Amino acid sequence: MKLKLLFFLFLLSNLNAQNTEIIQKVSLKKKSIELFRENYWANLPKRISWTNDYENLFSDIEQTKLDSIISKFEKETSIEISIVTIDTIKTSEEKFEDLTLHIAKTWKIGKVKKDNGILIGISKGYRKIRIQNGNGIEKIITDEETKKIIENYFIPEFKKGKYYQGTLNGLCEIISLLKYKTEK
């Protein structure tokens, strides 16, 4: 009986040690991710082009097409639009919107005195999209209109896994609405 009790206590202590080790590894992993995210926030990559696909949602050809549309629109209107896709390792889900705003400000999207920039932030991993409108754009497009564009043009294609098509549809609708409202 004493031998069984000793063996049982040995098993319990061994399991407890394994659980402690697992908890320590998980804690270390969480701390590493937090440090990585803090470093990413403090050292954002430079904007490469109008489309910055860090989640690999678009092919090179698709990125080139999006860039071309945005570049043409910027030349016509001076309004700058940038697209960024964000992998889940770069931020927590709760801070996704904060990161998109931080990127918009850091990359200085929009002309300085006009504040006419738009950042479209997409995270496939978190199933989130955020459009950050500069103050100059907020005078043209309301939050409600931006929300409708997301719901009606981006999301339907995203649900089908067609991120390029959804992004293209949403981008074209934003451009169309801006042209319509600025030509009045």
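Helices (H or I, at least four residues) and strands (E, at least two) are DSSP runs, numbered from the N terminus. With that in hand, welcome to the tour.

**Before you start**

The model is predicted, so local features need pLDDT of at least 70 and side-chain atom pairs count only at pLDDT 80 or more, while totals for chains, interfaces and linings use all residues. Residues are numbered from 1 along each chain as its sequence is written, and side-chain values use heavy atoms, with hydrogens and water left out.

**Stop 1: the whole chain**

Colour by secondary structure. You should find 6 helices and 4 strands, and walking from the N terminus the elements run α-β-α-β-α-β-β-α-α-α. Of the 184 residues in the chain, 38% are buried; buried means under 20% relative accessible area, exposed over 50%, and partly exposed in between (1.4 Å probe, protein chains only).

**Stop 2: the sheet**

Now select the strands. They form an open sheet of 4 strands in the order β1-β2-β3-β4, with mixed pairing; two strands pair if DSSP finds at least two bridges between them. At the edges stand β1 and β4, each with a single partner strand, so one side of each has no neighbour in the sheet. On average, neighbouring strands are turned by 10° against each other, direction ignored. For this angle, axes are lines fitted to C-alpha atoms (for helices over the stretch in contact), and angles run from 0 to 180 degrees between N-to-C directions.

Zoom in on β2 (residues 80-85) and β3, which pair in the parallel sense over 6 bridges. Try picking two residues of β2's partner strand: Ile118 in β3 is the bridge partner of Ile81, and Leu119 in β3 stands opposite Ser82.

Stay on β3 (117-123). How many of its residues are buried? The count is 7 of 7, so β3 is mostly covered. In a regular strand the side chains alternate between the two faces of the sheet. Here Gly117, Leu119, Gly121 and Ser123 are buried on one side, and Ile118, Ile120 and Ile122 are buried on the other.

**Stop 3: aromatic pairs**

Show the aromatic side chains next. The whole structure has 3 aromatic pairs; rings of Phe, Tyr and Trp (its six-membered ring) pair if their centres lie within 6.5 Å, and planes under 30 degrees apart count as stacked, over 60 as edge-to-face and the rest as tilted.

Select Phe58 and Tyr164. This pair is edge-to-face, with 6.4 Å centre to centre and 80° between the planes. Phe58 sits in the loop between β1 (51-53) and α2 (60-77), and Tyr164 in helix α6 (residues 163-183), so the pair ties together parts that are 106 residues apart in sequence. Both Phe58 and Tyr164 are buried.

Move on to Phe154 and Phe158. Their ring centres are 5.9 Å apart and their planes meet at 70°, so this pair is edge-to-face. Both lie in helix α5, 4 residues apart, about one turn of the helix. Are they buried or exposed? Phe154 counts as buried at 0% relative accessibility, and Phe158 counts as buried at 11%. Add Tyr163 to the selection: ring pairs link Phe154, Phe158 and Tyr163 into a cluster.

**Stop 4: a contact from α6**

Go to Lys181, found in helix α6. Lys181 is partly exposed, with a relative accessible area of 26%. Select Ile140 as well: the two are 41 residues apart in sequence and 6.7 Å apart in space, C-alpha to C-alpha.

**Stop 5: the pockets**

Switch on a surface. On a 1 Å grid over the protein atoms alone, a cavity is a set of points where a 1.4 Å probe fits but cannot get out, and a pocket is an open set with protein on both sides within 12 Å along at least five of seven lines; lining residues have an atom within 4 Å of a point. Grid points are joined across faces, edges and corners, and a volume is the space filled by probe spheres set on the points.

The largest pocket has a volume of about 280 Å³. Its lining has 15 residues, with Ala104, Lys105, Ile109, Asp115 and Gly134 nearest the centre. The elements giving two or more residues to this lining are α3 (96-107), β3 and β4 (128-133).

The second largest pocket has a volume of about 230 Å³. Among its 13 lining residues, Glu97, Arg130, Ile131, Thr146 and Ile150 lie nearest the centre. The largest share of this lining, 6 residues, comes from β4.
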